[in-house]
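Colleague: Could you take me through the salt bridges of this protein, with a close look at where the partners sit?

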Amino acid sequence: MPQYNNNQRKISAGGKNSEKKKLRKKRLIRLTLILCALFFLVSASATYYVVSAYLAEVPEWDPERLLPSQTSFMYDRDGVLISRLLGAQNRIPVELSQISPDLINAFIAIEDARFYEHPGFDIRGIMRAAYSNLFGSSGPLQGGSTIPQQLIKNAFFDPRDRTMRRKIQELYLTYHLERTFTKDEILSMYLNFIFFDFNAYGVEAAAQTYFGKSSREVTLAEAAILAGIPNLPGRYSPWRNMDEAISRQGLVLSRMVDLGMITEEEAAAAREEELALVERPEQLMPFPWFSYQVLEDAHNILTEKPQFATLSAGDIWQVLYGGGLHIYTTLDREKQAFIEKTIDNDALYPSFRNDDHLPLIQAAVIVADPSTGHIVAMSGGRDRDPETNGMNRAFRGQRPAGSTLKPILAYAPAFNEGIASPGSIVDDAPGQWGDFRPTNYNPREYNGLVTNRYSLLRSLNLPAVRLFQQLGISKGKEYAERMGITSLPTENELGIVLGGGGTGFSVHEIAQAFAVLANEGIRTDLTTITKITDSEGKIVYENKPTGEEILSPEAAWLTTDVLKDAVLRGTAAGVRIGRPLAAKTGTSDLSRDVWLAAYTPDYVTVFWLGRDRWPDKETDGNFSSGRHTNPFMNPILKFIHRELPTRDFARPDSLVRVAACTKSGLRPGPNCPPEHIASDWFLPRNVPTQICDIHVELEISTQSGLLASEFCPENVREKRVFLDRPPFITTTDSWRGGAGLRPADAALMPPSGVCQLHTFRPDMPQNLEAAVDAEGNVTLTWTAVSTARGYFIYRRDPGANSFALLNEQETDQQSYTDGGLPPGYYSYQVLAISKEGATSERASISVTVQDLSQQPQTQPSEDSRSSPNTENGNRNNSGNRN
C-alpha cells in the first residue's frame, strides 16, 4: 500500500476538513432556506388568515353611504330662513365646480399631494407610516391616509378607530371606491363630507359658518384656514385657537407654493390678509319654543307618509336633520319675539309671601289664525332652558281648565241643538246631584233665574251644570271633541263642565276649540307647518286646510256675542284692546291655574298661568283669572292686532232680535217690570211666542205684608207684582257656602200666607136716604151698624166715571150733609169700617139737585130700586177708594 509521509498525511487530512466545512455550510444554507420558506409560508398563512378574518368583518360596500347627509332648513311664514337644523351634521352639498379652485388646491396640498397619481393609497405614505410604527413611539398606529382613504374612514368607520384591522378594511374599501368613481367624484364627495367643528360638515357649510359666504367666494387666505381645520378641528378652528389656526394656514400656503399651485408672493399676501370671521354661531335655534315644536310636528307628519313607513323614529329624526328638507312654517317673527319677551318679563308675574319653596310660576300662550289654522306664535314657558325647562307647556302641559270650557261643552252645543238661546232661562239656585254639590266662585251667591247670556258672561257654575245636564253629558263631550278637545275624562260626570276630572288640558287643544267659535263654527286644524319639500324642491307634504262645520254660523255667533259681553261687563272686563273681542276666563280649584281664551275674527289667543306642580292637595294658588292674566294678555292682544283693520264678527242674517223677560224667557207681559225686560238674539225656531206668566200681580195687605183677605179694608189693600219662580232647595251645612242660602230672586216671590189681621166685614149701612133742600144741600142718613167704628162717604159728580171720598176722616155719625151743590144728577155711596179697619159693602143712592125754582125730588138709583140700599154689582174688590 502506498506510503504517505507526514506532510502528505497533513495535506490529506486538511482536504477532508475543508470538505466537511463546505458540507456543513451547504446544509446550513439549505436549512436556512427551508426555515425561511417555512417562515414565509407560516407568515403568509397567518397573514392570509388575519387579513381574511379582517375582511370577513369589513362593512358591506355600499356607495350610498358615501352620499353625505344634507342640512335641512326651516323658514318663517314669509319664506325667510329661520335656521339650519343643526342636528348631527350641518351640511350643504355643492358640486366641485361650485367650489373655489384655491380651496380645492389647498386641500390637495395639505392632505394628499399625489391624489391624482396614486390608485387610492399612497405607497410612500404607507412606508412612512410603517417606519413610524416600527421605530416611533408607542401609541396608535400611524397611517399615510390619502383623500380616498379619509373618505372611506369617515363614511364607513369610526374615525377614532386607528387599529390595523381598520387600516386593512379601509384599504379594501378604498380599492372599491377607486374602481367605482372618478377622481373628481371622489374629491367632490370628500369636500362635502369632512368635519370643520361647530357642527359644520363640508366646505360649503364651513365657509358659511366661519366667513358668512359660499365656498365659491372664499379668498386664498380663507381657503388655507378652512383646509387646515379638518386635521384637528378642536385645535385648528379659528374660534377655538386663532394662533394655531394661523400657524396651520401658513403650512397649507407653504405646501401650495412647493407644489407650484401659487406663487410665494400670493402666499405672502394671503398671510397678511386680515381674517373677517362672522359672529360665532349659537348652538340653539332661534325662537326655540316654536322651532322645536315644528320639528315635533314635522316628525309626526313624516311618520304618516308612506315613503317613511318603514323607518324607525330615530331614522326619521335623521331624515329631519340630515335629509336636506326645507320646512316652511307659519311663524310670524315679530309676534313670536314679542310673545317671548312678554312671557319672560318677570315684572308681569305675581309674587306671594312665603312661596320660595314652590316651583317657579310659569305661563304658556298660543296665537293662531282661526281661518287658516296657522299658529303664528307661541311660548311654552318662562325662561326656557333645554336642560331644565324645555317642556313646551303650550302643547304638552296638562292643567285643569276651570270654567274655560263652559262655552265649548255646554253653551255653544246647546245653542246649536236649539235647546237654549242666550235669552232663554236657567236657574242659578242651589243644586245637588248625588254627592256633587257645586257652588259659584262666590259660594254664597245664587242669583236665581238668569238668562244663559248672564250666566255665561258672569261664569256662573250652577246654570252651566244645569244646561250641561239638559244638553246631555255625552252630547256635550262629543261637541267638545269635534271642536278639538282631546283630553276629556272618560267618565260622564256633570263636573266636567266646570273643568273637573281627567288629567287636565293643553293650551293647544283649548286654542283649537275656541278657533271654531272664531271661525263661524268651522274647524280648521291648527298647524305650525305649511309645506315640506326635499332637497330637490319636490313636495313631501303640503298643508291644505279642509274646514269641517261643527257649529252652525248662528250658534257660533250667539256664543261669541255672549263672550263679547263677558269682555264688556263680565269676568273678562279687564281685557281692553280697542276692538271687538270675545273672551272666556277660567280658574281651577284652589285657584292654582288661571286661563284666558280670547279671540277676534283675526286671531285666537289662549293663555295659561300657574305652576307645574304643587307640594300637596291643600295649598291655595291665590291666582286670579283677571288680575294675573290681563298684564300679559292686554299687551299681547294689542301687539298682534296693531296693524290690522278693526273687524267685528259677522252676524248671520237669519237671527232675530226680540224683547224677552229675563226671568221667564218669554215675551214680556203686562206685569214684567222694566228691569226684567231685555232684547236678545234668537234663532227663528227659538223666538218666544208665549207671554210671561211668572210675573203676577196680587193684592196684599200693607199692614201684614201677606195676601189680602176678603176682609182687608180697602185702605190697606195694595196691588204688587211678584215673581212666581219654580221651587228650589236651600243649602245645608254640607254646602261650601254654608247653610240657609237660597236664590236671590226668592225675595221677589209672593207671600205664601193670607192676612189674618182682618177676620170679618161689617154689615153694609141700611136704610140710606138722601134729602135735598132749596140751597142745593144734600143730607144723607142711614141706620147705624153695630160693628162699625165709623163711616166713609163717596160721591160721583154728574158726568164723572168714579167716586171721590168726601171725608178724609171717618165719621161716627149716621148722617152727612154735602152742601152747596150746583144742579145735576149725583150718586153717593156709604160704607162702614170696623175697629180692625175692615170695610163693608157700599150702600148707594142717587139724587138730582134742581134749580132753586124747582122742588127737589129724591130719586133712588136703579141699583137701590132693584135692591134697596145695596150696590148690586158695583162693589170694587181692588181696595181702591173709587
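Modeller: What follows goes through the salt bridges one pair at a time. This is a predicted model, in which local features need pLDDT of at least 70 and side-chain atom pairs count only at pLDDT 80 or more, while totals for chains, interfaces and linings use all residues. Residues are numbered from 1 along each chain as its sequence is written, and side-chain values use heavy atoms, with hydrogens and water left out.

If a salt bridge is taken as a side-chain nitrogen of Lys or Arg within 4 Å of a carboxyl oxygen of Asp or Glu, the count comes to 35. One of them joins arginine 453 to aspartate 680, at 2.7 Å from N to O. Because arginine 453 belongs to helix 17 (residues 452-457) and aspartate 680 to strand 18 (residues 677-682), this pair ties together parts that lie 227 residues apart in sequence; helices (H or I, at least four residues) and strands (E, at least two) are DSSP runs, numbered from the N terminus. Arginine 453 is buried, at 8% relative accessible area, and aspartate 680 is buried too, at 7%, where buried means under 20%, exposed over 50% and partly exposed in between (1.4 Å probe, protein chains only).

A salt bridge also links lysine 475 with glutamate 478, at 3.9 Å from N to O; these residues are three apart in helix 19 (residues 473-483), a separation of about one helical turn. Lysine 475 is partly exposed at 30%, as is glutamate 478 at 38%.

Glutamate 643 and arginine 642 form a further salt bridge, at 3.8 Å, with glutamate 643 exposed at 65% and arginine 642 partly exposed at 38%. Elsewhere, salt bridges with shared partners join Arg453, Asp561, Asp565, Arg569 and Asp680 into one network.
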